[in-house]
Amino acid sequence: MLFETHAWVTLDNAVAIYNVYSDVLVATIPVGTNPQFPKRTPDGTKVLVPNFGSNTVSVICTAANQVLATIPVGLAPTAVAIDPTSTTAYVTNSGSGTVSVLSIPTHTVVSTITVGTGPVDITISRDGSRIYVSNGGSNTVSVINPVTNTVIATIAVGTSPNGLAVSLDNSKLFVVNSGSNNVSVINTSTNAILATIPVGSNPQKIAANPVNPVFMYVSNFGSNSVSVISTTGLNVVTTVPVGINPLGLDVTGDGTQVWVANEGDSSISIINTNTNTIAAALPTSFPPRGVTVGRVGSTLSPGEPIDLTDPYQLEEITESVCIIVEKVYASCQQRECFPAFTVCLPTGVPPFTFVSMTFATGVIVPGSVVITPIPSRPNFSRVQFTIQIPYTLVLRDSTGTLFTLTGNLPDIHKDIVLYFPPTRPEFDFNLRIETRTEVLTSPLFTVSSIQLAIGSFVITKVTGIVQLLVPAFGFCPEPPLCEEFPEIPQNPCLNFFDTTLTPFPSDFFPPQLDSCL
């Protein structure tokens, strides 16, 4: 399976979807009123969006970029956490003091858990064994057991706790205290406060780097910055200026980018985590609030190009398989040019006109290959051979008669150095070529011939049949049904009377020319 990577950004009653590695806006999807902080399921198939003003959660299908379902929850939902199996979601209802437990497959609420006052954010431990809720009105964090859906502990933290993140080793919980301008660090084994880290003014959300466990990132709403926190030193290592009033943020799966939603100036700041500098800034149509970043779980057509910048492609490997293939051990490219290739004109009535010239794949002339090991370069050899490239030339004479002429371009003699290691007698290397040949200029006719400039690209390869152990995404998906070629009805009126096939013409009347379009 091959995957793309998107960022889902909540705007005014909508979610904007961006391609992370090209920064291109892919789609904009209407959701509920005042959407807050979205969350992508770990399997990448859905994004859940809490709609603060609608008291609902929109479930977006990432493959189709459309809303699958709208689930009623408690009052003023703000944030979502999803278990590692992508089957259960937990939604903070800031107006109800509760957490709604959702079944993602059935799009229903299966339980409601009472927590503190004004719950605003929620996260789940890496192993799914604990759920943490920040209660902005109680200055506490509720610890929930997801097996029993009950609160098993309450931890006092700073003023107006907001964003939450668990370290990659599950040992620490980081709590952003918006009213205290700091981050509380909690030992997840004992629920004790380990440290308090000062950050910027009115900090909001926090995100962990999924690749480098040392770093976390905090959005400072009042300071227009992002604090980079060391999870080992428990201190701020640097501060990155971003847009105005940053709120939600998330880190790409390869750990190279932080996407920051800036509500104050309707923009997205993209931080390069290697340099902790702004790599790009994207304008948004409305003030953004939350952002979630990750791969799209739907499979792409096998014919689609592979996005080699997407780090999530290897996440869906299901097994290792042994395959028998022709492996390329070495390859190189060259070009050949024939500036004045001449073909005699056929017997016809001049003048002639050029119709087309096509070329077949070049072939190595049998018996022309000579491979000589180079003593001073172990495993390398001098490789000599001759290539022939067949052509087909079509001309038309003055009477309209077509003439097809075939032949070969001049022999191409190669004398190159290639990696060509010695092998056991039972193993054979193959010398293969690939060519692409083109006519470079307009043809020039004389009384008896046609002259053309022709160029050819040549790739030479050394290959061998081997058994390779490779990671696999499983078997190819079931193909779609074949499309039957439509039969044309004998009676043309059948199509005419079918309003879906022959709609009423939109230009039945002349335009009034009252539009600039």
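Student: Where is V365 found?

Tutor: V365 sits in the loop between β31 (363–364) and β32 (370–373). Keep in mind that this is a predicted model.

Student: Why is V365 called partly exposed?

Tutor: Its relative accessible area is 21%. Buried means under 20%, and exposed means over 50%. V365, at 21%, therefore falls in between and is partly exposed.

Student: Which residues does V365 touch, not counting residues up to four places away in sequence?

Tutor: V365 touches T386 and Q388. Contact here means heavy atoms within 4.5 Å.

Student: How many residues apart in sequence are V365 and D411, and how many Å apart in space?

Tutor: They are 46 residues apart in sequence. C-alpha to C-alpha, V365 and D411 are 9.1 Å apart.

Student: Now the sheets. What makes β4 (39–40) and β7 (66–72) stand at the edges?

Tutor: The open sheet has 4 strands in the order β4-β5-β6-β7, with antiparallel pairing. β4 and β7 each have a single partner strand, so one side of each is left without a neighbour in the sheet.

Student: How do you know that β6 (residues 56–61) and β7 pair?

Tutor: Pairing needs at least two bridges. β6 and β7 are joined by 6 bridges, so they pair, and they run antiparallel. T56 has P72 in β7 as its bridge partner.

Student: What is the order of the open sheet that holds β8 and β11?

Tutor: The order is β8-β9-β10-β11, and the pairing is antiparallel. Its edge strands are β8 (77–82) and β11 (108–114), each pairing on one side only. From one strand to the next, the twist averages 25 degrees.

Student: Which residue in β10 is the bridge partner of A89?

Tutor: L102. Strands β9 (residues 88–93) and β10 (residues 98–103) pair in the antiparallel sense over 6 bridges.

Technical notes:
Residues are numbered from 1 along each chain as its sequence is written. This is a predicted model: local features need pLDDT of at least 70, side-chain atom pairs count only at pLDDT 80 or more; totals for chains, interfaces and linings use all residues. Side-chain values use heavy atoms; hydrogens and water are left out. Helices (H or I, at least four residues) and strands (E, at least two) are DSSP runs, numbered from the N terminus. Axes are lines fitted to C-alpha atoms, for helices over the stretch in contact, and angles run from 0 to 180 degrees between N-to-C directions. Buried means under 20% relative accessible area, exposed over 50%, partly exposed in between (1.4 Å probe, protein chains only).
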